[in-house]
Amino acid sequence: MPRSQQAVIAEGLARQGRVAEAVAACYEALAIDDRDPATHALIAELMLGEDFYDEAIAAATQAIELDPDCSPAYLALGLAYDRRGGMWDQSVLVWHELAEVVPDLVIAHVQLGEAFAAAAFDEEARDSWKRALELDPHQSRAHYNLAIDALKREGMTTALPLIRTAGALDPSQDALFFSLTGLPAREPFGDVAADAPREVRYAEAVALARAEDFFGAVDVVRGLLDEAPDDAKALALAGFCYLKQEATNEAMACAVRALALAPDMTEGMYVLGTTYAQRPGLAKHAARVFLALAKASPAEPLAHVLLAEALLGLQRYRQARAAYAAAVALDPSCVRARFGLAAVLFSEGSYAEAQWHIRRAAYYDTKRLGVFWDLFDRYVEGGAA
Amino acid sequence: MACGARRDDAKEVERVPDGEIERLYRAFVETDPATAIRVVEQVRSSGVAQAELFDALYVPALAMLGDAWARREIDELSFTQAAVVAEQVSSFVMPPLARPDTGVSVVLGVMHRDHHSVMKNIIAGALKEAGYRVFDLGIDVRASDFLERVEETGARVVVAFAEMLATARAVAGVRDLLDAEGRSEVVLLVCGGPFAADPSLARSVGANGVISSAQGALDVLERVRRDLLEKEAG
């Protein structure tokens, strides 16, 4: 698709998050060619990011009028309708259109389901989420929505396992563990010598685990333990690797031993709490461990989320709400915390507030996944989705 | 054999007879689930409550297992096989899943001409999980249906849900029927937007209390349960 130099500059500025300059460049691009759907879609996205919903709706609508196949414009329009509120009928139509324009776009079905749910078409909402899961069984937001749906129909007992399933699909939980190690993200070097300093080898083991080479990570940990079997951090990392391979008892064995050696070690708390949370009947144990974790790492949003989920299992809804709220305050884009908070708000009859959190989660989730830019790139490269 | 875990967990295991944790650990390593179960049964019969077995016996044995693996006293394969045995035994040491039965029966439902079921479902689930005997009449329930089910079940508590002003006012009919049939001791609780918006409404329909959330339901029902127990004792 031929595009003006100004349009390309606007796009570059938008990708850098320089919103005001990007908007100015967009209008310069429209002065050259006011029939470029991609530029109108870009304005819509920029306006949405600044909470100018009416402007976003106008720009996205213009883009779609110019080209009914302009997929990024449908995304911006649907999100703008949803966040503005009270426009469920239009929202449902837009998500339908997006799902038709880009049939393999899983998030379109998730959003469509959320629009249906907001309009109280629960059956249709469920069908949309199930369709999303057919396309991608690991779509965590579809699971979160089905959990909320289960909560409304049958109560928290049914909803909680689904919330946990969704959480397990969410990569942010692994990120918590790596954050607790205190090591920066990096690729494994791959050639760390066996006689390298312990901290270098430990860092390599963490990097291998982060790269999901769990056998490699355990090999390095094995070497560390051969020298010092009471190395609590190495044991906790081994526990994490076992946990990721669904070897829960091995993970628990490593974690309890690690915590026996170093009761305040947060990585050990994370592994032990997670193994407890996976077993029915151990909600009290999980809550105890995650409470210690949240106290030891109060700046980690996911620590509060894990505590909140354990508290839900104990029917301590008020405390769970406080823990979820703490997580949202620390990270407003935390989808898992937003959905959890929505679940608690449903249990309090605060449906409108719950829906608000779900809509916020939707916005942040599409942003986190880069859905707009993915659609935008496909559109400008192919001339259509 | 390293005993670090035993030393560190001394406070947890003080009620478990000497040597039993190590016996359980040995049973894990020797892939002997029958012995492992026997150890659990013996420790339970020695007086350790089911709710404590996990912390007092199982976790320290697992810690010994982790320690043995770290020290290479067992190899990777033995570690995995021991974990399989630990899995087989786990159901014997888990704390009881269900909460104890409170003995209190609760009849609940959404008032006639009202189809707002979300809150009713959430609260019914919470109460069931907390050990209440819940009789969920569903939606669109007439006052006479509440009474009928109270008489069938001997329930001492009714929770009426209403999300519209007209159906909220109709709860008065439930109280009237209960009184007329000599069931005025039945505790009538109400839940729904109109009651939250106007606290005097609940009183005017003869309700004994208002529930506003799942947590609120658990709190109110706990108070009701205590009152009922005191009345029975008195």
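1. What share of the contacts in chain B with a separation of 6 or more comes from residues 24 or more positions apart? The share is 73%. For chain A, the corresponding figure is 54%. Both values belong to a predicted model.

2. Start with the build of chain A. Its secondary structure comes to 22 helices and zero strands. The chain has 385 residues, and a compact globule of that length would have a radius of gyration near 21 Å. Chain A has 23 Å, which agrees. Its C-alpha trace spans about 70 × 50 × 35 Å along the principal axes.

3. Chain B mixes its elements: 13 helices and five strands. Its radius of gyration is 26 Å, and the globule rule gives 17 Å for 234 residues. The chain B value is well over the rule, so this chain is more spread out than a compact globule. The C-alpha trace of chain B spans about 75 × 40 × 30 Å along its principal axes.

4. Next, burial and surface. In chain A, buried residues make up 60% of the 385. In chain B, 49% of the 234 residues count as buried. Chain A exposes about 15,000 Å², with carbon and sulfur atoms supplying 54% of that area. Chain B exposes about 10,500 Å², and there carbon and sulfur atoms supply 49%.

5. Now the charges. Chain A carries 35 positive and 55 negative side chains. The centres of these two sets lie 9 Å apart. Chain B has 26 positive and 37 negative charges. Their mean positions are 2 Å apart.

6. How many residues does each chain bring to the contact between them? Chain A gives 42 residues, and chain B gives 42 residues. The area buried between the two chains is about 3,500 Å². Carbon and sulfur atoms give 55% of that buried area. On the chain A side, Arg222(A), Arg257(A) and Gln315(A) lose the most area to chain B. Together these three residues account for 18% of what that side buries.

7. One loop residue in chain A is worth a look. Asp136(A) sits between helix H8 (122–135) and helix H9 (140–154). Is Asp136(A) buried, partly exposed or exposed? Its relative accessibility is 25%, so Asp136(A) counts as partly exposed; buried would need a value under 20%. Val106(A) is 30 residues away from Asp136(A) along the chain. The C-alpha atoms of the two are separated by 6.9 Å.

8. In chain B, turn to helix H13, which covers residues 214–233 and holds Leu228(B). Leu228(B) has 8% relative accessibility, so it counts as buried. Leaving aside residues up to four places away in sequence, Leu228(B) touches Val104(B) and Arg156(B). Val39(B) is 189 residues from Leu228(B) along the chain, and their C-alpha atoms are separated by 42 Å.

9. Helix H9 of chain B spans residues 165–169 and includes Thr167(B). Is Thr167(B) buried or exposed? Its relative accessibility is 4%, so Thr167(B) counts as buried. Which residues does Thr167(B) touch, not counting those up to four places away in sequence? They are Met111(B), His112(B), Arg113(B), Asp114(B) and Ala162(B).

10. Arg113(B), one of those contacts of Thr167(B), deserves its own point. Arg113(B) lies in the loop between strand E1 (105–110) and helix H7 (118–129). With a relative accessible area of 62%, Arg113(B) is exposed; the cut-off for exposed is over 50%. So the buried Thr167(B), at 4% relative accessibility, touches the exposed Arg113(B).

11. Finally, check the backbone. Most residues other than glycine have a negative phi. Arg113(B) has a positive phi of about 75 degrees, although it is not a glycine. Arg72(B) also has a positive phi, near 65 degrees. Arg72(B) lies in the loop between helix H5 (50–70) and helix H6 (76–93) of chain B. A reader checking the loops of chain B will find Arg72(B) in this one and Arg113(B) in the loop after strand E1.

Technical notes
Residues numbered from 1 in each chain as written. Chains lettered and ligands numbered in written order. Predicted model: local features only at pLDDT ≥ 70, side-chain atom pairs only at ≥ 80, totals over all residues. Heavy atoms only, no water. Helix = DSSP H or I, 4+ residues; strand = E, 2+ residues; numbered from the N terminus. Rg over C-alpha atoms; globule rule 2.2 N^0.38 Å. Buried < 20%, exposed > 50% of the residue type's maximum accessible area, 1.4 Å probe, protein only. Contact = heavy atoms within 4.5 Å. Areas by Shrake-Rupley, 256 points an atom, 1.4 Å probe, with all protein chains shown as cover. Lys, Arg positive; Asp, Glu negative; His and termini not counted. Charge placed at Lys NZ, Arg CZ, Asp CG, Glu CD. Buried area = accessible area lost by both parts, 1.4 Å probe.
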